[in-house]
Amino acid sequence: MPVEFLSDEQAAAYGRFLGEPAREQLERFFWLNDADLARIGRRRRDATALGYAVQLGTVRFLGSFLVDPLDVPWSVVVFVAGQLGIADPSCVKDYGSRPMTTHEHQWDIRREYGYSDFAERVGELRGFLEARAWLSNEGPRALFDRATAWCVERKVLLPGVTTMARLISEVRAGAAERLWSTLYGLTGDELRRRLDGLLVVPESARVSELERLRTGPTRLSAAEMIRSLDSFSAVRDLGTGTLDVSTVPAGRLSALARYGMAAHAPALRQMAVTRRTATLLATVRHLETPGR
């Protein structure tokens with residue numbers, strides 16, 4: 001399952017507490033308003049009321065319930081107990097003596113506070129991520145964080161970490177395929193032939209034509225200036241400058257060009273035709289840019 005892009009810290013923090021919440025986090029997610037206090041006040045025992053309130057704050061903060069509802073920093077328990085007027089926060093240790101109680105509280109919180117299962121809203125999240133992936137060229141870690149925040153803000157219970165990571169990978173792959181297909185569709189057979197020709201190493205040459213064109217001047221001299229002008233003319237003659245690439249976000253085109261400027265010709269030759277053509281097109285458009 002593709003979760004390699006997650007850092008150890010990111011994976012560890014997903015749906016769990018990682019250290020003590022800051023004071024502002026306690027006040028934002030664990031503060032109980034009058035409606036909360038009225039609902040919690042219907043619990044008969046201090047332990048039950050405190051456990052319910054901790055679970056409520058937990059799902060607001062993390063976006064999910066914990067397998068062990070009491071696997072929270074002690075500062076959370078103390079902060080919530082103070083609002084409930086419970087003098088002895090340690091009574092919470094009795095919460096869960098009846099396992100069904102914790103599950104019943106979770107269902108009550110889901111119903112009363114409007115929390116949704118991930119499966120019910122995944123289509124909305126996918127649409128949000130697809131737009132971000134197409135427009136912004138954000139990396140997988142950034143998209144993962146955005147997806148998590150999206151769920152928390154919209155009261156969508158987080159799925160397992162592998163499910164979320166799989167969604168991110170699928171969305172990014174789809175955005176890449178869309179980019180390649182869009183650029184490929186702008187080219188015709190003749191232009192594709194010219195672009196592929198850039199990957200060929202001419203006779204008596206040591207490097208491909210692409211390598212020659214993307215290598216800038218090595219020193220200030222008349223000969224180097226003439227070579228640069230010849231390279232620019234050869235790039236312009238390829239004819240990519242007349243293509244309308246306005247439907248492709250500039251950031252995505254630039255990122256693809258950066259890859260093409262660094263990739264070796266053999267690696268480019270091994271790509272699928274749509275990806276290879278798109279990469280070469282973006283690279284040549286970059287080479288046409290004055291002062292690159």
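Let's start with Glu209 and Arg212, whose side chains meet in a salt bridge, 2.5 Å from N to O. This comes from a predicted model, so please keep that in mind as we go. Where do Glu209 and Arg212 sit along the chain? Both belong to helix α11, which covers residues 209-214, and because they are 3 residues apart there, about one helical turn separates them. How accessible are they? Glu209 is partly exposed, with a relative accessible area of 21%. Arg212 is partly exposed too, at 30%.

Now have a look at another pair. The side chains of Arg132 and Glu138 form a salt bridge at 2.8 Å, N to O. Is Glu138 buried or exposed? Glu138 has a relative accessible area of 16%, and it counts as buried because the cut-off is under 20%. Its partner Arg132 is partly exposed, with 26%.

On to Glu153 and Arg154. Their side chains also meet in a salt bridge, this time at 3.5 Å from N to O. Glu153 is exposed, with a relative accessible area of 57%, while Arg154 is partly exposed at 35%.

So far we have talked about pairs, but salt bridges can also join up here. Which residues are linked in a network? They are Arg39, Arg43, Asp108, Arg111 and Glu112, connected to one another through salt bridges. If you have the structure open, try finding those five residues on screen.

And how many salt bridges does the structure hold? The count is 18. The pairs I showed you are among them, including Glu209 with Arg212, where we began. Thanks for listening, everyone!

Terms used. Residues are numbered from 1 along each chain as its sequence is written. This is a predicted model: local features need pLDDT of at least 70, side-chain atom pairs count only at pLDDT 80 or more; totals for chains, interfaces and linings use all residues. Side-chain values use heavy atoms; hydrogens and water are left out. A salt bridge is a side-chain nitrogen of Lys or Arg within 4 Å of a carboxyl oxygen of Asp or Glu. Buried means under 20% relative accessible area, exposed over 50%, partly exposed in between (1.4 Å probe, protein chains only). Helices (H or I, at least four residues) and strands (E, at least two) are DSSP runs, numbered from the N terminus.
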